[in-house]
Each structure stands twice: as structure tokens, then as C-alpha cells.
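Hi there,

Here is the structure I promised to pass on to you. Have a look at it first, and then read my notes below.

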Amino acid sequence: MPLLAVKILVGFVVGVLIGMSGVGGGVLLLPILIFGLGYAPRVAVGSDALFNFFTKIPAGLLHLKRGTVRRKVVGALAVGSIPGSICGVGMLVYIRHLYGDGVNSFIKTAVGFLLIVVPMLMLFQRRIEERVEHRPPTLKGFAGMALIGLVAGFLVGMTSVGSGSIIMMLLLLFYSFPPKQNVGTDIVHAVILTGVTSFLHFRLGNVDPRLVLSLLIGSIPGGLLGSHLATRMPMVWLRRILCALLLITGARMLWA
């Protein structure tokens with residue numbers, strides 16, 4: 001099979017899984033780019049960030065139209081996440097300056113760690129939602145939201161993972177927004193964060209535009225099919241299987 005067709009197929013499969021399970025594109029796509037297609041981790045991270053940026057735009061616009069976005073929260077998160085992303089990318093530049101291609105080993109370790117943390121958070125997400133459903137916010141004000149953005153932005157800058165999953169969980173733990181507003185706010189902010197991150201990586205030559213385009217060609221119909229299948233399959237078990245696979249992949253990255 002020609003390499004272009006393989007990339008389109010990967011985009012299609014990832015799109016289907018995103019549409020069906022709601023699992024973020026970063027945790028699904030990065031291992032395939034690194035282990036399956038053999039891309040250097042820094043190129044995989046930059047290309048994944050740009051892929052996530054384009055895939056989140058339609059959902060973000062839909063949430064804005066429906067009024068399920070807290071714009072002030074998006075702004076507060078961005079105040080922290082933009083400098084956080086700059087610092088995360090800057091950290092990679094510094095490590096590459098010191099160790100050259102050793103930066104790829106650092107990225108693999110960081111991604112491996114997040115591929116263990118994120119699925120574990122997802123497995124317990126429902127229980128956490130039930131416990132905090134009627135609880136008042138434990139973090140209040142602009143500073144707390146900016147701090148959440150700063151932490152997530154730094155991780156996304158280094159790995160492209162967490163623009164949705166980590167921020168979503170932190171908002172869930174420390175704020176008591178309605179679920180739809182939580183999701184809408186998270187997605188719109190992710191558009192901003194992945195946009196900034198992908199731009200920084202593009203300037204550093206860490207983005208393969210042809211790869212991103214091929215993935216998008218497959219992911220758009222894949223996402224539509226996945227959304228259609230989501231109402232016809234047992235999603236709980238699908239998410240559990242995906243989480244188990246991600247945990248195994250993360251462990252392999254850490255101990256490879």
C-alpha cells in the first residue's frame with residue numbers, strides 16, 4: 001500500500017475512534033506516528049498539534065453557536081496556557097541545543113508518562129463527575145484558571161497531549177460548571193492552545209504539512225462515521241479497551 005494511502009487510513013481510523021469514544025486525538029495519534037510510521041518524536045508532536053488544531057475547529061464553532069462556551073474562562077485559561085506552551089516548546093529547544101537528537105528520547109519519555117496518566121484519569125472520570133456534581137468550586141477566580149492553563153499549556157507545548165483531556169479533568173476537579181459548558185469551554189480553548197503550539201513547532205521545522213493534510217483527509221469522514229456509530233455500540237467497553245491499549249503503549253515508551 002502506498003505511504004500516502006497508509007497516512008490517510010491512519011487518519012480515518014483515528015477519526016473513527018475519536019468520534020466513537022471522545023478520546024483525544026493526541027493520545028491516539030502520537031504512538032502511531034512514532035511507532036507505526038517511524039516519525040521522529042519532535043515531528044510527530046508538531047504535526048499532531050496542527051492536526052488537533054484543525055480537527056477541533058468545527059466542534060468549537062458548534063459550541064460557540066450553541067452558547068455552551070464560557071468565554072471568560074477560555075480567556076483566563078489562555079492567559080496561562082499560551083505562555084505555558086511557549087515555555088514547553090522552549091524547553092524542547094533548550095534540550096535539543098544541549099543534547100541534539102536526544103530531545104527525541106526526552107519527548108518519548110514525556111509522552112509515555114502522559115499516556116499512562118491520561119487513560120487513568122479517563123477510567124475514573126465518571127466517578128469523579130458523580131462526586132463533584134453538586135460540590136461548590138474549590139478554586140475561585142482568574143488566577144486558578146490561569147494556573148490550570150499554564151500547567152496544561154506547558155505539557156501540550158512539549159508533547160501536544162492534554163489540550164482536552166488534562167484541562168477537562170482539572171476543570172472538573174476544581175470548578176463546578178455544567179457538563180456541556182465544561183466540554184464547550186475546553187474545546188474552544190483547545191483550538192487556541194493547539195493553534196499557538198502548532199505555530200511554534202512549525203517555525204522550528206517540527207511540522208510535516210503533507211502528513212497533516214493526509215491525516216485530515218482520512219479523519220474528516222472517519223470522525224463522521226465514528227459519531228454515527230457512537231449511538232450503536234457499547235462505548236463504556238470501547239473506552240476501557242482504548243485506555244488499556246494506551247497504558248500498554250505508554251509503558252512501552254517509558255521502558256523501551
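Charge comes out lopsided here: the protein chain carries 22 positive and 7 negative side chains. The centres of those two sets lie 4 Å apart. Please keep in mind throughout that this is a predicted model.

On the surface, the protein chain exposes about 12,700 Å². Carbon and sulfur atoms account for 69% of that area. As for the inside, 48% of the 256 residues in the protein chain are buried.

Now the fold. Eleven helices and zero strands were assigned to the protein chain, so reading along the sequence you get α-α-α-α-α-α-α-α-α-α-α. The radius of gyration is 17 Å, close to the 18 Å that the globule rule gives for 256 residues, so the protein chain is as compact as a globular protein of that length. If you want to set up a box, the C-alpha atoms fill one of roughly 50 × 45 × 35 Å, taken along the principal axes. You may also like the contact statistics: among contacts between residues at least 6 apart in sequence, 85% join residues at least 24 apart.

Which residues of helix H8 are buried? This helix spans residues 165–174 and is mostly covered, with seven of its ten residues buried. They are Ile166, Ile167, Met168, Met169, Leu170, Leu171 and Leu172.

Helix H1 covers residues 3–21, and Ala5 is found in it. Is Ala5 buried or partly exposed? Its relative accessible area is 29%; buried would need a value under 20%, so Ala5 counts as partly exposed. I also checked the separation between Ala5 and His228: they are 223 residues apart in sequence and 24 Å apart in space, C-alpha to C-alpha.

Lastly, the cysteines. How many disulfides does the structure hold? The count is zero. For reference, a disulfide is a covalent bond between the sulfur atoms of two cysteines. Two cysteines can be set side by side for their surroundings. Cys243 has a relative accessible area of 1%, so it is buried. Cys87, at 47% relative accessibility, counts as partly exposed.

Happy to talk any of this through whenever it suits you.

Best wishes

Note on methods: Residues are numbered from 1 along each chain as its sequence is written. This is a predicted model: local features need pLDDT of at least 70, side-chain atom pairs count only at pLDDT 80 or more; totals for chains, interfaces and linings use all residues. Side-chain values use heavy atoms; hydrogens and water are left out. Buried means under 20% relative accessible area, exposed over 50%, partly exposed in between (1.4 Å probe, protein chains only). Helices (H or I, at least four residues) and strands (E, at least two) are DSSP runs, numbered from the N terminus. A disulfide is a pair of cysteine sulfur atoms within 2.5 Å. The radius of gyration is taken over C-alpha atoms; the globule rule is 2.2 Å times the number of residues to the power 0.38. Contact means heavy atoms within 4.5 Å. Accessible areas come from the Shrake-Rupley method with a 1.4 Å probe; for residues, only the protein chains shown count as cover. Lys and Arg count as positive and Asp and Glu as negative; His and the chain ends are not counted. The place of a charge is taken as NZ of Lys, CZ of Arg, CG of Asp or CD of Glu.
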